[in-house]
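Reader: Could you show me how to read a few features of a model?
Author: Gladly; let us look at it together.

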Amino acid sequence: MLDHITALRERFDQALAKADTPPELEELRVAFLGKKGHVSSLMKGMKALSNEEKKAFGLRVNEWKEGVEQALAAAKRRMEEAEIDRLIHGAKPYDITLPAVPPLAAAARGSYSPITLVQREVERVFVSMGFTVEDYPEITDDYSCFQALNIPEHHPARDMQDTYYLSNGQLLKTHTSAAQNAIMRKYGAPLKAIFPGRCFRNEATDACHENTFFQMEGMMIDESISISNLIYFMKTMLSEVFRKDIRVRLRPGFFPFVEPGFELDISCLICGGAGCPSCKGGGWLELCPCGMIHPNVLRMGGIDPERYTGFAFGLGLTRLAMMKYGVSDIRDFNSCDLKKLSQFIAE
Ligand code: PHE
């Protein structure tokens with residue numbers, strides 16, 4: 001019986017020397033240590049032995065069994081270390097500095113919309129200048145969207161902002177200005193806030209008009225605020241976003257909730273001002289209607305117009321994203337065309 005152990009030990013040692021992959025090791029383990037393996041058949045053979053012999057033999061078998069287990073574990077460890085060594089130093093070294101997520105998987109995970117990227121950038125600039133960022137629902141009512149902005153029922157200014165009405169009389173906000181009244185009531189004066197949001201209009205769509213688009217409203221109200229404050233903040237923001245000084249111009253513009261009202265245009269960055277479909281051939285893009293908040297609007301917001309003045313602007317975020325990323329058709333944003341939309345990455 002003892003000879004039997006010696007023979008098996010030799011067999012195991014030889015087989016172990018030949019095994020050089022983990023599956024081969026596993027085969028060896030099953031053959032020797034498995035339920036029907038050599039070790040358990042040795043144990044079964046013990047029945048025929050006397051008690052004395054059983055003790056001595058059992059001890060030897062157990063010793064050897066432990067030896068086999070240790071040898072297998074050591075061989076497994078060596079193989080794993082060799083594999084790591086091969087990956088790092090092998091003929092085709094494995095670059096352990098590669099990012100954990102391969103680029104393809106990152107693309108499948110999605111990306112930020114160019115509008116989100118621009119929105120965050122504009123928010124960062126305004127927050128650094130002391131503005132708070134406010135949230136406001138997409139569904140609002142006639143009072144907030146129009147009446148509180150000095151646009152009574154049947155006012156012709158409503159024609160410019162036809163929208164989608166819900167059966168309960170509420171409506172989808174046509175502009176971020178719809179939040180002005182709520183924010184004035186929430187904070188009172190002085191106040192410095194921006195409020196980005198999705199807006200909806202019943203529009204005929206073309207390369208620069210969509211029925212769903214994003215704006216970023218801004219308001220600053222304090223004692224002796226003038227239009228020069230507005231120009232300063234807008235120029236600072238635009239030169240941060242475009243990383244260069246960009247040309248702007250102010251034209252008079254009419255909005256019932258500002259007096260005086262302006263259109264702030266920037267030179268078209270797609271055609272450089274020569275004229276293209278995105279700028280309707282004019283070389284300028286209407287980017288930001290703005291003006292001094294009308295006293296009636298301040299009053300409806302609970303702010304004393306005798307004491308406070310303020311400016312408001314309604315930045316076209318979607319248009320800004322078109323300018324920044326050179327998107328020539330506004331309809332691309334809602335097209336769900338991932339090939340187009342996933343190419344923008346945060347800087
Ligand atoms: N709410 C206006 C619009 O969307 C823009 C605007 C905002 C004008 C603030 C002046 C001041 O057309």
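Author: We will go through a helix pair, the ligand site and some backbone angles. This is a predicted model, where local features need pLDDT of at least 70 and side-chain atom pairs pLDDT 80 or more, while totals for chains, interfaces and linings use all residues. Residues are numbered from 1 along each chain as its sequence is written, and side-chain values use heavy atoms, without hydrogens and water.

Reader: How do the axes of α6 and α9 cross?

Author: Two packed helices are described by the angle and the distance between their axes. Here α6 (residues 114–128) and α9 (residues 227–242) have axes that come within 10 Å and cross at roughly 135°. That makes α6 oblique to α9 (angles under 35 degrees count as roughly parallel, over 145 as roughly antiparallel, 65 to 115 as roughly perpendicular and the rest as oblique).

Reader: Which residues of α6 and α9 meet?

Author: Contact means heavy atoms within 4.5 Å. Glu121, Val122, Arg124, Val125 and Phe126 of α6 meet Phe233, Met234, Met237, Glu240 and Val241 of α9. Seven of the residues in this contact are nonpolar, none is polar and three are charged.

Reader: What is 2.7 Å from the side chain of serine 177?

Author: A nitrogen atom of the ligand lies at that distance from an N or O atom in the serine 177 side chain. For arginine 201, a ligand oxygen atom is 2.8 Å from a side-chain N or O atom.

Reader: Which peptide bond leads into proline 190, cis or trans?

Author: Most peptide bonds are trans. The bond from alanine 189 to proline 190 is cis, with omega near -5°. The bond from glutamate 259 to proline 260 is cis too, with omega near 0°.

How values were computed
Axes are lines fitted to C-alpha atoms, for helices over the stretch in contact, and angles run from 0 to 180 degrees between N-to-C directions. Helices (H or I, at least four residues) and strands (E, at least two) are DSSP runs, numbered from the N terminus. Ala, Val, Leu, Ile, Met, Phe, Trp, Tyr, Cys and Pro count as nonpolar, Asp, Glu, Lys and Arg as charged, and the others, Gly among them, as polar. A polar contact is a pair of N or O atoms within 3.5 Å; within protein, one must be able to donate a hydrogen and the other to accept it, and residues adjacent in sequence count only if both atoms are side-chain atoms.
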